[in-house]
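Let's walk through this one together, starting with a pair of rings and ending up at the ligand. Have the viewer open as you read.

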Amino acid sequence: MALSFVSSPSVVSRETGSELGGALVGEPASGALPAWPVQRVFAPLLGATSAAINETWLTDQAVTSGFREGISWRRTDGLLYGVLQLDEADFDATRGSTRLQAASEEAYRRIFRLLDAERVPHLWRVWNYLAAINLDIHGLERYRQFNVGRQEAFLKCHRGATGNVPAACAIGLAGGPLSIAFMAGTTPAVPLENPRQVSAYNYPPDYGPRSPTFSRGALVYPEGQEILFISGTASIIGHETVSPGDVAGQCRESMANIDAVVVEANRLCRSGPFSLGELSYRVYVRQATDFRVIRETLAPLIGKANIVYVQADICRHDLLLEIEAMASHSLEEA
Ligand code: 3EB
(Lines give C-alpha, C1' and ligand atoms only; values in the text may rest on other atoms or scores of the structure.)
Protein backbone atom coordinates (compact mmCIF):
# COMPACT_ATOMS: atom_id res chain seq x y z
CA MET A 1 0.00 0.00 0.00
CA ALA A 2 1.19 3.50 -0.82
CA LEU A 3 1.11 4.75 2.76
CA SER A 4 1.45 2.50 5.79
CA PHE A 5 1.90 2.97 9.49
CA VAL A 6 4.38 1.05 11.65
CA SER A 7 4.95 1.02 15.37
CA SER A 8 8.28 0.07 16.92
CA PRO A 9 9.50 0.12 20.51
CA SER A 10 12.96 1.38 19.72
CA VAL A 11 14.10 4.79 18.64
CA VAL A 12 14.65 4.02 14.98
CA SER A 13 17.18 6.35 13.54
CA ARG A 14 18.46 4.54 10.48
CA GLU A 15 16.62 5.71 7.45
CA THR A 16 15.39 3.32 4.79
CA GLY A 17 14.25 6.10 2.47
CA SER A 18 10.58 5.28 2.80
CA GLU A 19 9.83 7.21 5.99
CA LEU A 20 7.44 10.13 5.69
CA GLY A 21 7.23 11.17 9.33
CA GLY A 22 5.73 10.14 12.62
CA ALA A 23 5.60 10.47 16.36
CA LEU A 24 7.74 9.41 19.28
CA VAL A 25 5.27 8.69 22.07
CA GLY A 26 6.40 8.06 25.63
CA GLU A 27 9.40 8.90 27.75
CA PRO A 28 12.41 7.72 25.73
CA ALA A 29 15.71 7.28 27.52
CA SER A 30 17.77 8.82 24.75
CA GLY A 31 17.24 12.14 23.07
CA ALA A 32 18.25 10.92 19.61
CA LEU A 33 15.62 11.58 16.97
CA PRO A 34 15.33 10.25 13.44
CA ALA A 35 15.98 12.46 10.43
CA TRP A 36 12.37 12.56 9.27
CA PRO A 37 9.78 14.87 10.90
CA VAL A 38 8.90 13.45 14.31
CA GLN A 39 6.43 14.80 16.81
CA ARG A 40 7.53 14.23 20.39
CA VAL A 41 4.63 13.29 22.63
CA PHE A 42 6.40 13.27 25.98
CA ALA A 43 3.97 11.47 28.29
CA PRO A 44 4.01 8.16 30.18
CA LEU A 45 2.93 5.06 28.28
CA LEU A 46 0.60 2.81 30.29
CA GLY A 47 0.78 -0.98 30.19
CA ALA A 48 3.61 -0.91 27.65
CA THR A 49 6.75 -3.04 27.56
CA SER A 50 8.94 -0.12 26.49
CA ALA A 51 9.33 3.45 27.71
CA ALA A 52 8.53 4.84 24.27
CA ILE A 53 7.24 3.83 20.88
CA ASN A 54 8.08 5.18 17.48
CA GLU A 55 5.11 5.46 15.16
CA THR A 56 6.13 6.05 11.58
CA TRP A 57 4.31 6.60 8.31
CA LEU A 58 6.05 4.79 5.46
CA THR A 59 5.52 5.47 1.79
CA ASP A 60 6.51 3.70 -1.43
CA GLN A 61 6.54 7.05 -3.27
CA ALA A 62 9.57 9.31 -3.72
CA VAL A 63 9.91 11.86 -0.91
CA THR A 64 11.38 15.34 -0.58
CA SER A 65 11.95 17.17 2.70
CA GLY A 66 12.33 20.68 3.92
CA PHE A 67 12.32 23.08 6.82
CA ARG A 68 10.30 26.26 6.41
CA GLU A 69 8.31 28.49 8.75
CA GLY A 70 9.80 26.45 11.60
CA ILE A 71 8.07 23.39 10.21
CA SER A 72 9.97 20.21 9.56
CA TRP A 73 8.18 18.53 6.64
CA ARG A 74 8.42 15.70 4.20
CA ARG A 75 6.21 15.03 1.21
CA THR A 76 5.34 12.84 -1.72
CA ASP A 77 3.56 14.10 -4.84
CA GLY A 78 0.22 13.70 -3.14
CA LEU A 79 0.66 14.36 0.55
CA LEU A 80 2.75 16.17 3.14
CA TYR A 81 3.49 15.47 6.81
CA GLY A 82 4.87 18.24 9.00
CA VAL A 83 5.77 18.93 12.61
CA LEU A 84 5.95 22.33 14.28
CA GLN A 85 6.88 23.32 17.82
CA LEU A 86 6.42 26.81 19.16
CA ASP A 87 7.64 28.09 22.49
CA GLU A 88 4.94 30.27 24.03
CA ALA A 89 7.61 32.41 25.70
CA ASP A 90 8.52 33.71 22.23
CA PHE A 91 5.10 35.36 21.91
CA ASP A 92 3.73 38.48 23.53
CA ALA A 93 0.50 38.63 25.44
CA THR A 94 -1.50 41.66 24.37
CA ARG A 95 -4.63 43.24 25.77
CA GLY A 96 -6.81 40.94 23.71
CA SER A 97 -4.65 37.84 23.48
CA THR A 98 -2.59 35.49 25.63
CA ARG A 99 0.79 34.09 24.62
CA LEU A 100 -0.77 30.69 23.94
CA GLN A 101 -3.49 32.21 21.79
CA ALA A 102 -0.90 34.14 19.79
CA ALA A 103 1.30 31.03 19.42
CA SER A 104 -1.68 28.92 18.30
CA GLU A 105 -2.75 31.42 15.69
CA GLU A 106 0.82 31.75 14.42
CA ALA A 107 1.26 27.96 14.26
CA TYR A 108 -1.78 27.49 12.05
CA ARG A 109 -0.94 30.50 9.89
CA ARG A 110 2.49 28.97 9.26
CA ILE A 111 0.95 25.62 8.41
CA PHE A 112 -1.41 27.25 5.92
CA ARG A 113 1.43 29.26 4.36
CA LEU A 114 3.51 26.12 3.95
CA LEU A 115 0.60 24.22 2.42
CA ASP A 116 -0.06 27.09 0.01
CA ALA A 117 3.62 27.24 -0.99
CA GLU A 118 3.85 23.47 -1.43
CA ARG A 119 0.50 23.32 -3.22
CA VAL A 120 -0.83 20.69 -0.86
CA PRO A 121 -3.91 22.65 0.13
CA HIS A 122 -6.08 20.15 2.00
CA LEU A 123 -5.43 19.72 5.71
CA TRP A 124 -6.50 16.14 6.55
CA ARG A 125 -5.50 15.44 10.16
CA VAL A 126 -3.88 17.49 12.94
CA TRP A 127 -2.36 16.33 16.25
CA ASN A 128 -2.24 19.17 18.82
CA TYR A 129 -0.41 18.98 22.18
CA LEU A 130 -0.04 21.72 24.73
CA ALA A 131 1.11 22.05 28.33
CA ALA A 132 -1.34 22.54 31.21
CA ILE A 133 -4.40 22.36 28.95
CA ASN A 134 -6.93 22.77 31.78
CA LEU A 135 -5.19 25.64 33.52
CA ASP A 136 -7.30 28.76 33.92
CA ILE A 137 -5.03 31.71 33.44
CA HIS A 138 -5.69 35.29 32.38
CA GLY A 139 -9.39 34.52 32.81
CA LEU A 140 -9.63 31.70 30.26
CA GLU A 141 -8.76 28.00 30.31
CA ARG A 142 -5.71 27.31 28.14
CA TYR A 143 -7.58 24.90 25.85
CA ARG A 144 -10.04 27.72 25.15
CA GLN A 145 -7.17 30.13 24.45
CA PHE A 146 -5.84 27.60 21.95
CA ASN A 147 -9.28 27.40 20.33
CA VAL A 148 -9.41 31.17 19.87
CA GLY A 149 -6.01 31.26 18.16
CA ARG A 150 -6.72 28.21 16.00
CA GLN A 151 -10.08 29.46 14.77
CA GLU A 152 -8.66 32.93 14.13
CA ALA A 153 -6.03 31.44 11.81
CA PHE A 154 -8.60 29.40 9.88
CA LEU A 155 -10.73 32.52 9.37
CA LYS A 156 -7.89 34.89 8.53
CA CYS A 157 -6.46 32.39 6.06
CA HIS A 158 -9.89 32.16 4.37
CA ARG A 159 -10.33 28.49 5.11
CA GLY A 160 -13.60 28.74 6.99
CA ALA A 161 -14.05 27.28 10.46
CA THR A 162 -17.03 24.99 9.90
CA GLY A 163 -17.78 21.98 7.77
CA ASN A 164 -14.64 21.34 5.82
CA VAL A 165 -12.19 21.28 8.73
CA PRO A 166 -9.59 18.63 9.58
CA ALA A 167 -9.87 15.65 11.88
CA ALA A 168 -7.87 16.38 15.04
CA CYS A 169 -7.03 15.79 18.66
CA ALA A 170 -6.00 18.36 21.27
CA ILE A 171 -4.30 16.89 24.30
CA GLY A 172 -2.61 18.24 27.41
CA LEU A 173 0.91 17.28 28.43
CA ALA A 174 2.76 18.08 31.65
CA GLY A 175 5.03 20.58 29.95
CA GLY A 176 6.81 21.36 26.74
CA PRO A 177 6.08 23.61 23.78
CA LEU A 178 2.93 23.86 21.70
CA SER A 179 3.46 20.91 19.36
CA ILE A 180 1.46 20.37 16.20
CA ALA A 181 1.82 17.61 13.63
CA PHE A 182 -0.30 17.46 10.51
CA MET A 183 -0.97 15.51 7.37
CA ALA A 184 -2.24 17.29 4.28
CA GLY A 185 -2.99 16.23 0.74
CA THR A 186 -3.52 17.43 -2.81
CA THR A 187 -7.01 15.89 -2.76
CA PRO A 188 -9.80 16.97 -0.42
CA ALA A 189 -10.76 14.99 2.66
CA VAL A 190 -14.31 13.85 3.19
CA PRO A 191 -15.07 15.27 6.65
CA LEU A 192 -17.16 13.10 8.99
CA GLU A 193 -19.51 14.21 11.76
CA ASN A 194 -21.22 12.21 14.49
CA PRO A 195 -25.05 12.30 14.60
CA ARG A 196 -24.89 11.71 18.40
CA GLN A 197 -22.87 14.89 18.88
CA VAL A 198 -23.16 18.55 18.04
CA SER A 199 -20.34 19.31 15.60
CA ALA A 200 -17.50 20.77 17.65
CA TYR A 201 -17.40 23.82 15.37
CA ASN A 202 -21.01 24.47 16.42
CA TYR A 203 -20.47 24.09 20.18
CA PRO A 204 -22.31 26.84 22.11
CA PRO A 205 -20.26 29.55 23.88
CA ASP A 206 -20.44 27.59 27.20
CA TYR A 207 -17.22 25.91 26.01
CA GLY A 208 -15.31 29.06 25.24
CA PRO A 209 -15.52 32.23 23.15
CA ARG A 210 -14.57 30.37 19.94
CA SER A 211 -15.60 26.87 19.00
CA PRO A 212 -12.99 24.19 18.36
CA THR A 213 -12.09 23.85 14.68
CA PHE A 214 -12.14 20.14 13.89
CA SER A 215 -14.32 17.45 12.36
CA ARG A 216 -15.17 14.16 14.09
CA GLY A 217 -13.25 12.24 11.48
CA ALA A 218 -12.10 12.22 7.87
CA LEU A 219 -11.75 9.89 4.92
CA VAL A 220 -8.64 10.76 2.94
CA TYR A 221 -7.23 9.43 -0.30
CA PRO A 222 -3.55 8.82 -0.81
CA GLU A 223 -3.09 7.21 -4.24
CA GLY A 224 -4.89 3.87 -4.45
CA GLN A 225 -5.90 4.06 -0.82
CA GLU A 226 -8.56 5.17 1.61
CA ILE A 227 -7.59 6.12 5.16
CA LEU A 228 -10.10 6.68 7.94
CA PHE A 229 -9.03 9.08 10.67
CA ILE A 230 -11.24 9.25 13.73
CA SER A 231 -10.59 12.39 15.78
CA GLY A 232 -10.13 12.37 19.53
CA THR A 233 -13.44 11.05 20.82
CA ALA A 234 -14.78 11.40 24.34
CA SER A 235 -17.86 10.84 26.47
CA ILE A 236 -19.87 13.69 25.00
CA ILE A 237 -23.45 13.53 23.76
CA GLY A 238 -24.88 16.59 22.09
CA HIS A 239 -22.34 19.02 23.48
CA GLU A 240 -22.43 17.81 27.09
CA THR A 241 -20.13 15.49 28.99
CA VAL A 242 -21.94 12.33 30.07
CA SER A 243 -20.92 9.95 32.87
CA PRO A 244 -18.72 12.45 34.73
CA GLY A 245 -16.81 10.58 37.42
CA ASP A 246 -17.67 7.16 35.89
CA VAL A 247 -14.67 5.96 33.95
CA ALA A 248 -16.26 2.73 32.66
CA GLY A 249 -19.32 4.70 31.53
CA GLN A 250 -17.06 7.16 29.70
CA CYS A 251 -15.33 4.24 27.95
CA ARG A 252 -18.66 2.91 26.69
CA GLU A 253 -19.92 6.35 25.55
CA SER A 254 -16.62 7.10 23.79
CA MET A 255 -16.79 3.78 21.94
CA ALA A 256 -20.45 4.36 21.03
CA ASN A 257 -19.32 7.68 19.54
CA ILE A 258 -16.50 6.02 17.61
CA ASP A 259 -18.95 3.42 16.36
CA ALA A 260 -21.26 6.21 15.16
CA VAL A 261 -18.39 7.86 13.24
CA VAL A 262 -17.50 4.49 11.69
CA VAL A 263 -21.14 4.12 10.57
CA GLU A 264 -20.90 7.57 8.95
CA ALA A 265 -17.60 6.59 7.33
CA ASN A 266 -19.17 3.43 5.94
CA ARG A 267 -21.99 5.45 4.40
CA LEU A 268 -19.46 7.56 2.50
CA CYS A 269 -16.43 5.31 1.98
CA ARG A 270 -15.26 3.99 -1.41
CA SER A 271 -13.64 0.80 -0.11
CA GLY A 272 -15.29 -1.93 1.92
CA PRO A 273 -16.80 -1.15 5.32
CA PHE A 274 -14.53 -0.29 8.26
CA SER A 275 -14.96 -2.20 11.51
CA LEU A 276 -13.99 -1.38 15.11
CA GLY A 277 -11.70 -4.43 15.29
CA GLU A 278 -9.42 -3.29 12.47
CA LEU A 279 -8.72 0.21 13.79
CA SER A 280 -5.48 1.26 15.47
CA TYR A 281 -6.26 3.15 18.64
CA ARG A 282 -4.52 5.67 20.85
CA VAL A 283 -6.21 6.09 24.23
CA TYR A 284 -5.39 9.12 26.39
CA VAL A 285 -5.99 8.41 30.08
CA ARG A 286 -6.20 11.35 32.49
CA GLN A 287 -5.47 9.41 35.69
CA ALA A 288 -3.07 6.47 35.58
CA THR A 289 -5.11 4.87 38.39
CA ASP A 290 -8.01 4.46 35.91
CA PHE A 291 -5.89 2.51 33.42
CA ARG A 292 -6.90 -1.02 34.46
CA VAL A 293 -10.61 -0.26 34.43
CA ILE A 294 -10.28 1.44 31.07
CA ARG A 295 -8.34 -1.46 29.54
CA GLU A 296 -10.82 -4.02 30.88
CA THR A 297 -13.84 -2.02 29.74
CA LEU A 298 -12.47 -1.41 26.25
CA ALA A 299 -11.17 -4.96 25.65
CA PRO A 300 -14.53 -6.55 24.71
CA LEU A 301 -15.60 -3.44 22.76
CA ILE A 302 -12.46 -3.21 20.63
CA GLY A 303 -11.40 -6.83 20.25
CA LYS A 304 -7.78 -7.58 19.50
CA ALA A 305 -7.05 -4.25 17.89
CA ASN A 306 -3.81 -2.38 18.29
CA ILE A 307 -4.08 0.02 21.27
CA VAL A 308 -1.53 2.43 22.71
CA TYR A 309 -2.36 3.92 26.12
CA VAL A 310 -0.88 7.28 27.07
CA GLN A 311 -1.32 9.20 30.28
CA ALA A 312 -2.28 12.77 29.37
CA ASP A 313 -4.83 15.48 30.07
CA ILE A 314 -8.11 15.81 28.22
CA CYS A 315 -9.56 19.16 27.18
CA ARG A 316 -12.44 19.23 29.67
CA HIS A 317 -11.97 18.78 33.44
CA ASP A 318 -14.69 16.15 33.63
CA LEU A 319 -13.40 13.95 30.79
CA LEU A 320 -11.35 11.00 32.04
CA LEU A 321 -10.31 9.64 28.67
CA GLU A 322 -10.23 10.33 24.96
CA ILE A 323 -9.81 7.80 22.16
CA GLU A 324 -8.57 8.36 18.61
CA ALA A 325 -8.33 5.76 15.90
CA MET A 326 -7.46 5.11 12.28
CA ALA A 327 -7.48 2.43 9.62
CA SER A 328 -6.41 2.07 6.01
CA HIS A 329 -7.93 0.22 3.08
CA SER A 330 -6.54 -0.38 -0.36
CA LEU A 331 -8.86 0.82 -3.12
CA GLU A 332 -7.50 -1.71 -5.62
CA GLU A 333 -8.72 -4.64 -3.52
CA ALA A 334 -12.14 -3.07 -2.99
C1 3EB B 1 -14.61 16.97 22.16
O2 3EB B 1 -15.25 16.15 21.50
C3 3EB B 1 -13.45 16.41 22.93
O4 3EB B 1 -9.87 20.65 19.92
O5 3EB B 1 -8.95 19.57 18.27
C6 3EB B 1 -11.50 16.02 20.64
C7 3EB B 1 -10.83 16.06 19.41
C8 3EB B 1 -11.54 17.15 21.43
C9 3EB B 1 -10.21 17.23 18.98
C10 3EB B 1 -9.65 19.61 19.30
C11 3EB B 1 -10.92 18.32 20.99
C12 3EB B 1 -10.26 18.36 19.78
O13 3EB B 1 -14.89 18.17 22.21
C14 3EB B 1 -12.20 17.16 22.76
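Because Tyr143 and Phe146 are 3 residues apart in helix α2, about one helical turn separates them; helices here are DSSP runs of H or I, at least four residues, and strands are runs of E, at least two, numbered from the N terminus. Both Tyr143 and Phe146 are buried, meaning under 20% relative accessible area with a 1.4 Å probe and protein chains only.

A quick note on the ground rules: this is a predicted model, where local features need pLDDT of at least 70, side-chain atom pairs count only at pLDDT 80 or more, and totals for chains, interfaces and linings use all residues. Residues are numbered from 1 along each chain as its sequence is written, and side-chain values use heavy atoms, with hydrogens and water left out.

Now follow Tyr143 to the ligand: an N or O atom of its side chain is 2.5 Å from a ligand oxygen. Tyr203 also brings a polar side-chain atom to 2.7 Å from an oxygen of the ligand, and Arg216 does so at 2.8 Å. In total, 13 residues surround the ligand, each with a heavy atom within 4 Å of it. Strand β12 gives the most to this shell, with 3 residues.

Tyr203 has another partner: the charged end of Arg316 sits over its ring, 5.3 Å from the centre (the rule asks for NZ of Lys or CZ of Arg within 6 Å of the ring centre and within 35 degrees of the ring normal). Arg270 sits likewise over the ring of Tyr221, with its charged end 3.7 Å from the centre.

Conventions
Polar contact = N/O pair within 3.5 Å; in protein donor to acceptor, adjacent residues only side chain to side chain. Buried < 20%, exposed > 50% of the residue type's maximum accessible area, 1.4 Å probe, protein only.
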